[in-house]
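Student: Could you take me through one part of this model slowly? I'd like a close look at the charged side chains and what surrounds them.

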Amino acid sequence: MKRKLRWAHLLLASIFLLLIAIGATYYIAEVKQTLELVKSERAEKTELAKLNRKDIPIRVIQVATITADREKYAVVDVREKEEFATGHVKGAVNFRLGEILHEESVRQDLVRATAGKQRVFYCHDGKRSRLAAQAIQQESGGVNLVLEKGFQQIKRNAENREIWEGSLKHVLPQAHRKNRTPWIKRRNVRVNTLIDLSLEKHESVERLEGKTFRHAPLLLMSNRHIDDFISTLGDEPIVALCDSKVSCFSTRILRYRLEERGMHLAGFVRIMGSEALPASVPGGD
């Protein structure tokens, strides 16, 4: 009897150790992939930094300068409406980047709303705000300012928080935390078409050959373009594709846009930018 109990204990211990080993393997893979995404995002020749106009210089301003003479500045938040709703600079107006880039009427509204004051643009880390400031400066002239590192600078320095209202802990609303959009492994993708949220379109992706990729860089699209795009989605489950911190952040934005219309994001596939295949590889659209 004791011998049987001993074997039973050994079996349970072996199963327990095996489960730990499997869990550790998945955890290490997740950490490695996340670190790769962070490394990719920091590259100055990728993502939003690549869209920066070298011919339109933009001045950088510090939070302390705005605080010292708040009435002098009109602060423009160019983040998504969900980001703005969670927290923002006191008195800021929200004109998301995609609207500024593509809608002339929005640019005109922005200029009118900030007339008579020095415009200061900000976003999460300074990249979107720089693009927005350049677009307005190109059209209306003058000198626009960008809040250095935007939300990140305010979050990291307690002295800067007096100009902020709302959450500094969460970037996006947390209402859906208990029902997160699942990450789908490539071998488990069952749909024929994926929504490519990356800023640069993928023609084909390793282990997803034969799939169609519909390009939708949400952060750069106007609301009208997003609405038109969503209206074309069929009955097939909606699966997104992302390849960086920026585009994987957009999976949350896509989810919110779909839910506003009673639709559902089934999941997302995460890849490294280097895994995209050349356009000549069969399987791209």
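Tutor: Let's begin with some vocabulary: a residue is buried under 20% relative accessible area, exposed over 50%, and partly exposed in between (1.4 Å probe, protein chains only). Bear in mind that this is a predicted model, where local features need pLDDT of at least 70 and side-chain atom pairs need 80 or more, while totals for chains, interfaces and linings use all residues. Residues are numbered from 1 along each chain as written, and side-chain values use heavy atoms, leaving out hydrogens and water.

Now for the charges. Side chains of opposite charge can pair when their charged atoms come close. Searching the whole structure turns up 15 salt bridges (a side-chain nitrogen of Lys or Arg within 4 Å of a carboxyl oxygen of Asp or Glu).

Start with Glu-80 and Arg-257, whose side chains form a salt bridge at 2.8 Å, N to O. What does this pair tie together? Glu-80 sits in the loop between β2 (73–77) and α3 (81–86), whereas Arg-257 belongs to helix α9 (residues 245–260), so their bridge links parts that are 177 residues apart in sequence. (Helices, H or I of at least four residues, and strands, E of at least two, are DSSP runs numbered from the N terminus.) Are these two partners buried or exposed? Glu-80 is buried, because its relative accessible area is 1%. Arg-257 is buried as well, with a value of 4%.

Stay on helix α9 and you'll find a pair with another sort of spacing. Glu-259 has a salt bridge with Arg-255, and their closest N and O atoms are 3.1 Å apart. Why about one helical turn between them? Glu-259 and Arg-255 are 4 residues apart in helix α9, which means about one helical turn separates them. Check how open each partner is: Glu-259 is partly exposed at 30% relative accessibility, but Arg-255 is buried at 6%.

Next, look at Arg-261 and Glu-260, another salt bridge, with the closest N and O atoms 3.6 Å apart. In this pair, Arg-261 is partly exposed because its relative accessibility is 33%, and Glu-260 is partly exposed too, at 47%. Which residues are joined into one network by salt bridges that share partners? They are Glu-80, Glu-82, Arg-96 and Arg-257, so our opening pair turns up again here.

Finally, let's leave the charges for the nonpolar part of the model. The largest nonpolar core holds 22 residues, and Val-78, Ile-100, Leu-110 and Phe-121 have the most contacts inside it. (Such a core is a set of buried Ala, Val, Leu, Ile, Met, Phe, Trp, Tyr and Cys residues joined through side-chain atoms within 4.5 Å.) Two or more residues come from each of α4 (97–102), α5 (104–113) and α6 (127–140). Helix α6 gives the most to this core, with 5 residues.

While you're on helix α6, find Ala-135, which is located there. Ala-135 is buried, with 15% relative accessibility. How far apart are the C-alpha atoms of Ala-135 and Leu-97? They are separated by 9.5 Å, although the two residues are 38 residues apart along the chain.
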